[in-house]
Amino acid sequence: MTVKLTIAIPTHNRAALVRETLASIASLAIPAGVEADCLVIDNGSTDDTAAVIDESARGAALAMRRVFEPRLGSSFARNRAVDETASDFIFFIDDDALAERDWAAELLDDMRQRELDAACGMVIPQWSSPPPKWLGPSLWVKLAVHDRRAIESAPTSSAERLDNYFSANVGFKRSAFARFGKFREDLGVVGGNPISGEDTELFARILARGGAMGFAPRAIVHHMIPRERMTRAYLRRKSFAFGMGTAFAGLQNHNRLDKLVRNGVRMAAAAMRGDPERAIYHELECANFLGYWRGRLIAR
């Protein structure tokens with residue numbers, strides 16, 4: 001029996017980056033018995049995105065097509081992908097990520113073997129330039145990328161947790177959207193607004209309602225990290241925005257006053273002992289706290 005798979009790529013004004021993503025998708029090793037296609041959701045782009053997609057499609061071994069979604073926002077784009085395809089499985093990859101050749105095969109195999117409703121794979125950072133020394137592995141989660149060495153050296157089960165699931169590399173059964181619903185459209189990144197949370201909220205919803213979700217460590221993509229994201233200012237803004245998104249989503253959290261005090265003390269202690277990575281980590285936890293309570297006030 002043939003299994004149908006759609007690889008969906010939401011994109012907004014990233015023509016140069018999505019060209020590289022599409023090239024990696026065109027080079028995928030698709031297993032026998034799998035009928036795959038690629039769907040690019042052009043989310044209101046005003047650059048050369050349309051031309052890049054059309055050019056990539058002409059030279060690709062698997063079918064590629066573009067749909068235009070005028071409503072700006074990652075949730076609108078992702079839900080448009082769900083609506084546009086009837087495939088058995090839908091895999092999402094970000095428009096600034098590169099898939100390894102066996103990515104789709106590994107993700108599909110893991111989901112089918114374990115009968116998962118959804119699964120996230122490994123997201124490895126691909127630095128555009130050497131990162132600053134303070135940007136160590138404990139901070140990579142703020143960029144939604146994994147520390148591969150730490151994951152591979154730990155028990156497999158330790159990776160099976162909500163904060164380890166990133167939507168730059170995620171697969172769903174089509175039936176999951178019928179059972180658990182789609183991405184909440186009141187959440188998600190819109191243009192330059194970094195407030196996220198639509199993916200984490202959906203993952204949490206799947207788990208809370210008895211769905212099966214897991215981590216597929218052999219399904220690997222490389223997430224391109226530009227220089228402008230390797231700054232404390234960017235990470236503070238991202239952490240604040242994620243805190244707001246958590247509040248809007250109504251997710252469980254630990255943002256009580258003791259968290260702010262605890263992280264403030266630990267930030268100062270790390271700075272005093274000359275450990276900038278840990279000092280910045282606790283600084284970002286404080287930003288997350290402030291973003292969460294800002295979100296709570298707005299949501300009232």
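## A tour from Ile 93 outward

Select Ile 93. Leaving aside residues up to four places away in sequence, Ile 93 touches Ile 7, Ala 8, Ile 9, Pro 10, Thr 21, Ile 25, Leu 98, Ala 99, Trp 103, Ala 168 and Val 221. Keep in mind throughout that this is a predicted model.

**The cores.** Now widen the selection. Ile 93 is among the residues with the most contacts inside the largest nonpolar core, which has 49 residues. Add the others in that group: Leu 5, Leu 22, Ile 25, Phe 91, Trp 103 and Leu 107. Next, colour helix α4, residues 103–114; with 5 residues, this helix gives the most to the core. In soluble globular proteins, nonpolar side chains tend to be buried together.

Then move to a second core, separate from the one above and made of 28 residues. To find this second core, select Leu 39, Ala 81, Phe 172 and Phe 177, which are included in it.

**From β1 to β2.** Show the cartoon and select strand β2, residues 34–42. How many of the residues of β2 are buried? The count is 7 of 9, so the strand is mostly covered, buried meaning under 20% relative accessible area. Bring in β1 alongside: β1 and β2 run parallel and are joined by 9 bridges. For a landmark on this pairing, pick Val 3, which stands opposite Val 34 in β2. Trace the chain from β1 through α1 to β2; this β-α-β crossover is right-handed.

**From β2 to β3.** Add strand β3, residues 63–68. β3 pairs with β2 in the parallel sense, over 6 bridges. Here the landmark is Cys 38, which stands opposite Met 64 in β3. Select helix α2, residues 49–58, as well: β2, α2 and β3 make a right-handed β-α-β unit.

**Two loop residues.** Finish with two stops in loops. Go to Asn 13, in the loop between β1 (3–11) and α1 (15–26). Asn 13 is not a glycine, yet its phi is positive, about 55°. Is Asn 13 exposed or partly exposed? Its relative accessible area is 31%, so Asn 13 counts as partly exposed.

The last selection is Glu 115, found in the loop between α4 and β6 (118–127). Glu 115 also has a positive phi of about 55° although it is not a glycine. With a relative accessible area of 59%, Glu 115 is exposed, because the cut-off for exposed is over 50%.

Definitions and conventions. Residues numbered from 1 in each chain as written. Predicted model: local features only at pLDDT ≥ 70, side-chain atom pairs only at ≥ 80, totals over all residues. Heavy atoms only, no water. Core = buried A, V, L, I, M, F, W, Y, C linked by side-chain atoms within 4.5 Å. Buried < 20%, exposed > 50% of the residue type's maximum accessible area, 1.4 Å probe, protein only. Helix = DSSP H or I, 4+ residues; strand = E, 2+ residues; numbered from the N terminus. Contact = heavy atoms within 4.5 Å. Pairing = 2+ DSSP bridges. Right-handed = clockwise from strand over helix to strand, strands pointing away.
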